[in-house]
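Dear colleague,

I am passing on the structure below, and after it I set out what was found. Please read the notes with the model open beside them.

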Amino acid sequence: MQFSKFGEKFNQYSGITQLMDDLNDGLRTPGAIMLGGGNPAAIPTMLDYFHQASDEMLANGELIAALANYDGPQGKDAFVKALARLFRETYGWDICEKNISLTNGSQSGFFYLFNLLAGKQADGSHKKVLLPLAPEYIGYGDAGIDEDIFISYQPDIELLDNGLFKYHVDFEQLTVDDSIAAICASRPTNPTGNVLTDEEIHKLDKLARQHNIPLIIDNAYGLPFPNIIFADVQPFWNDNTILCMSLSKLGLPGVRCGIVIANEAITTAMTNMNGIISLAPSSVGPAYANHMIEKGDLLKLSTEVIKPFYQQKALRAVELLQQAITDERFRIHKPEGAIFLWLWFDELPITTMELYARLKARGVLIVPGEYFFIGQEEGWDHAHQCLRMNYVQDDEMMQKGITIIAEEVAKAYAG
Ligand SMILES: Cc1ncc(COP(=O)(O)O)c(C=O)c1O
């Protein structure tokens with residue numbers, strides 16, 4: 001079969017597809033220790049809440065209405081309006097329903113946004129999305145219809161006490177010129193759990209405004225929901241910011257709902273793309289989230305249930321890892337948010353791609369660090385020394401998985 005250029009590119013077995021395959025296999029293979037993909041935890045209080053919400057929505061007709069009707073291409077009106085009000089009231093942001101569009105998961109929102117802005121331009125030039133700090137979210141990597149739409153920069157590494165470290169944007173290096181279409185960063189960052197400081201965000205905003213390009217902030221784990229963020233920072237939005245959110249890490253990845261908060265021009269473009277690509281985004285997630293807003297539960301559950309659940313899990317995972325791996329060359333990125341720990345094995349004699357294969361053979365799934373250095377032109381040893389570990393499993397699974405990681409790392413260092 002002959003595929004088009006687009007077909008050839010999107011028929012690749014990309015990192016993100018492998019990750020989702022591993023996630024699917026891992027979740028369904030008895031005995032597999034799933035420290036790989038980004039599935040959120042099954043938090044009992046949240047599962048009970050969704051059960052109860054489903055009963056209520058079935059009884060009052062909201063659920064069947066969501067299943068039986070298309071929404072408009074911008075996404076469910078009632079939810080978009082309720083969300084705009086929530087942001088106005090919570091943060092005083094000057095937004096209304098004209099600033100919000102929905103997509104089938106934020107992953108597809110990024111596909112729209114990157115291709116809206118980067119790649120081949122009408123004047124024949126080629127523009128890229130600047131990722132100010134690599135490592136960055138694996139899911140961006142293959143999203144361009146055109147090749148080569150990312151450029152990224154290595155961070156400053158700050159070594160901290162207690163075997164931790166933290167990445168910072170190296171502003172000295174960042175070069176923004178006419179070839180840059182937008183700046184984009186996840187905050188909290190998948191894979192590292194880093195949270196860009198308020199100062200870093202303000203500097204990036206200034207840089208974006210100076211060059212008349214948008215700043216895209218991927219807030220899939222951030223404030224005010226799902227609020228998996230442990231650093232003391234402020235959320236950020238203005239009319240030059242494209243803030244992307246998701247219902248997935250609230251515990252609803254199956255409803256595939258992404259949220260894009262931006263100026264009217266971007267909202268209109270997203271709405272038009274939705275019409276062509278999906279007719280309308282799914283109605284089910286927005287119906288649940290709207291129900292949660294009406295009941296006053298969305299922010300409350302995020303703060304009182306989701307955040308403490310993950311924070312306690314992160315601390316426990318750090319404790320287990322530091323007990324199991326005492327080699328001085330091992331460090332963990334300071335866990336400031338998201339649902340992962342980023343482990344750095346300095347001077348590791350094998351790549352983490354190889355380590356991934358050895359761990360997979362023993363039933364432990366992690367994600368090798370190499371995938372996350374999107375947009376990097378130069379080789380960098382550090383990119384082969386890190387891995388991402390999800391910490392949402394129960395304690396017993398975590399302990400088993402960490403014991404096997406410790407054994408394989410010790411073997412690799414010894415070899
Ligand atoms: C940083 C980040 N952005 C975006 C996404 C996409 O999420 P979804 O498409 O489920 O909204 C993920 C998923 O794990 C993520 O980690």
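**Cavities and a helix pair**

In the lining of the second largest cavity, 7 residues are nonpolar, 3 are polar and 1 is charged, where Ala, Val, Leu, Ile, Met, Phe, Trp, Tyr, Cys and Pro count as nonpolar, Asp, Glu, Lys and Arg as charged, and the others, Gly among them, as polar. This is a predicted model, in which local features need pLDDT of at least 70 and side-chain atom pairs count only at pLDDT 80 or more, while totals for chains, interfaces and linings use all residues. Residues are numbered from 1 along each chain as its sequence is written, and side-chain values use heavy atoms, with hydrogens and water left out.

A cavity here is a set of points, on a 1 Å grid over the protein atoms alone, where a 1.4 Å probe fits but cannot get out, and lining residues have an atom within 4 Å of a point. The second largest has a volume of about 60 Å³ (the space filled by probe spheres set on the points, which are joined across faces, edges and corners), and α2 (15–28) supplies the largest share of its lining, 4 residues.

Helix α3 (residues 44–59) packs against helix α9 (residues 284–294) at an angle of about 100°, with the axes 11 Å apart; helices are DSSP runs of H or I with at least four residues, numbered from the N terminus, and axes are lines fitted to C-alpha atoms over the stretch in contact, with angles from 0 to 180 degrees between N-to-C directions. The pair is therefore roughly perpendicular (65 to 115 degrees).

With kind regards

Methods. 1 Å grid on protein atoms, 1.4 Å probe; cavity = no way out; pocket = protein on both sides within 12 Å on 5 of 7 lines; lining within 4 Å. Helix = DSSP H or I, 4+ residues; strand = E, 2+ residues; numbered from the N terminus. Parallel < 35°, antiparallel > 145°, perpendicular 65-115°, else oblique.
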